[in-house]
Amino acid sequence: PALQDPGSPECGAFLAGVLPLVPNYLNLGVSVASGKMVCAGAAGAEPVGLGDQGYFQKTMQEGGFNAGTYMFDRGLQQASIGFSYPVRTKDTGDIAGVLIAFVALDWWSDRLAEESLPENSVAYIIDSHNQMVATFPKQEGLHGRAAKNFGGGKDWQRTDTAETFDAGDGVRRVYSHRVFYDGGTDQKLFLSLGLAGDEALQGA
């Protein structure tokens, strides 16, 4: 009920209580139809306007779960990617606002590191704006940068393809490119996994 009245003090208090339970989230908030976030769980977070964000607009218009793109919170001094889900009124089921979960990019990179990939492997998660969201090994200097500027101008948004090349670090790898989240046009997340030549052939 607190989320169904985003402008109320109860909304912020509720999200502030939930936020510590999900440490990979930088912030939780509810935005109204204009995109203005009127309720947030993280103290010190930068006020966010999401009215021009495609994932927010799609959830506001159609409902459902959607993924955003790279963003940097200057208040929290951390980068994240947002995910949206509609908040509906109890009586009519109309969309009263949009719940946004901002997931820390470090969490994505840490999860990639837990996959026990072979030596000299690399992995990249790229958003629908062709920006690096997560990397393995973690390379924070790449996060938020245009993927097309990395690896000799390769197209990192290829889907269901495999190719062999040196991305600029002197190691030839077999790369596999996949869409691992598909919410429609401009609502995709891409995964590129590169295995060093010897390791890739041994695993074949």
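How many nonpolar, polar and charged residues does the lining of the largest cavity have? The points below lead to the answer, beginning with the chain as a whole.

1. Nature of the model and overall content. The structure under review is a predicted model. The chain contains four helices and 10 strands. Followed along the sequence, these elements come in the order α-β-β-α-β-β-β-α-β-β-β-β-β-α, a pattern that begins and ends with a helix.

2. Extent and surface. Taken along the principal axes, the box filled by the C-alpha atoms is roughly 60 × 30 × 30 Å. The chain exposes about 10300 Å², and 51% of this area is supplied by carbon and sulfur atoms.

3. Burial and contacts. The chain has 204 residues, of which 43% count as buried. Contacts between residues at least 6 apart in sequence were also examined: 46% of them join residues at least 24 apart.

4. The cavity and its volume. Rolling a probe the size of a water molecule over the atoms shows where empty space is left. In this model the count comes to one cavity of 30 Å³ or more. The volume of the largest cavity is about 70 Å³.

5. The residues of the lining. The largest cavity is lined by Leu26, Asn27, Met37, Val48, Met71, Phe72, Asp73, Leu76, Ser80 and Phe102. Two strands, β1 (25-31) and β3 (66-73), each supply at least two residues of this lining. Strand β3 gives the most, with three residues.

6. The answer to the opening question. By class, the lining of the largest cavity has seven nonpolar, two polar and one charged residues. The student may find it useful to locate these residues in the structure, including Asp73 and Phe102.

7. A buried arginine. Is Arg173, in strand β9 (residues 172-182), buried or exposed? Its relative accessibility is 4%, and the cut-off for buried is under 20%; Arg173 therefore counts as buried.

8. The partners of Arg173. Two contacts of the Arg173 side chain may be inspected in turn. The side chain of Arg173 reaches the backbone oxygen of Asn120 at 2.6 Å. In addition, the side chains of Arg173 and Asp169 are joined by a polar contact of 2.9 Å. The buried Arg173 thus has a backbone partner in Asn120 and a side-chain partner in Asp169.

Key: Residues are numbered from 1 along each chain as its sequence is written. This is a predicted model: local features need pLDDT of at least 70, side-chain atom pairs count only at pLDDT 80 or more; totals for chains, interfaces and linings use all residues. Side-chain values use heavy atoms; hydrogens and water are left out. On a 1 Å grid over the protein atoms alone, a cavity is a set of points where a 1.4 Å probe fits but cannot get out, and a pocket is an open set with protein on both sides within 12 Å along at least five of seven lines; lining residues have an atom within 4 Å of a point. Grid points are joined across faces, edges and corners, and a volume is the space filled by probe spheres set on the points. Ala, Val, Leu, Ile, Met, Phe, Trp, Tyr, Cys and Pro count as nonpolar, Asp, Glu, Lys and Arg as charged, and the others, Gly among them, as polar. Buried means under 20% relative accessible area, exposed over 50%, partly exposed in between (1.4 Å probe, protein chains only). Contact means heavy atoms within 4.5 Å. Accessible areas come from the Shrake-Rupley method with a 1.4 Å probe; for residues, only the protein chains shown count as cover. A polar contact is a pair of N or O atoms within 3.5 Å; within protein, one must be able to donate a hydrogen and the other to accept it, and residues adjacent in sequence count only if both atoms are side-chain atoms.
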